[in-house]
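Biologist: Before I rely on any charged pairs here, I would like to see the structure and go through the reasoning behind each label.

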Amino acid sequence: MPLARQGRAFGMHVVAATQVHRRAELDLRIAGQFGARFCGLVQPSDVWTSRAVLGTDDARHLAHPGDFLARLGPRLVRLSVAWAPAES
């Protein structure tokens, strides 16, 4: 992760995403290296994902697909994006 830590000094930004993960894959030390972190709708019982990504369990309270919380430095910002269900 040294490149991710020093990348901003050289004008580089690292974007990482996961849809489904296990605790071992999302280490809190890795999540903390990113200046902006986004977390979408999680199951109400999934406290760990919200805390690992945002540092708080607030993502459990998001109501609809397309709702996100963003950790932007010390600020926590709620946002919504367009969401369309997959065709069945």
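Modeller: What follows takes up the salt bridges and the accessibility of their partners. This is a predicted model, in which local features need pLDDT of at least 70 and side-chain atom pairs count only at pLDDT 80 or more, while totals for chains, interfaces and linings use all residues. Residues are numbered from 1 along each chain as its sequence is written, and side-chain values use heavy atoms, with hydrogens and water left out.

Biologist: What makes aspartate 57 and arginine 51 a salt bridge?

Modeller: The term requires a side-chain nitrogen of Lys or Arg within 4 Å of a carboxyl oxygen of Asp or Glu; the closest N and O atoms of aspartate 57 and arginine 51 are 3.9 Å apart, so the pair qualifies. Aspartate 57 also meets arginine 60 in a salt bridge, at 3.5 Å from N to O.

Biologist: Why is aspartate 67 called buried, and arginine 78 exposed?

Modeller: Buried means under 20% relative accessible area, exposed over 50%, and partly exposed in between (1.4 Å probe, protein chains only). Aspartate 67 has 6% relative accessibility and therefore counts as buried, whereas arginine 78, at 51%, counts as exposed.

Biologist: How do you know that aspartate 67 and arginine 78 form a salt bridge?

Modeller: Their closest N and O atoms are 3.2 Å apart, so the pair meets the cut-off. Aspartate 67 lies in strand S2 (residues 67-72) and arginine 78 in strand S3 (residues 75-80), so the pair ties together parts eleven residues apart in sequence; strands are DSSP runs (E, at least two residues), numbered from the N terminus.

Note on methods
Helices (H or I, at least four residues) and strands (E, at least two) are DSSP runs, numbered from the N terminus.
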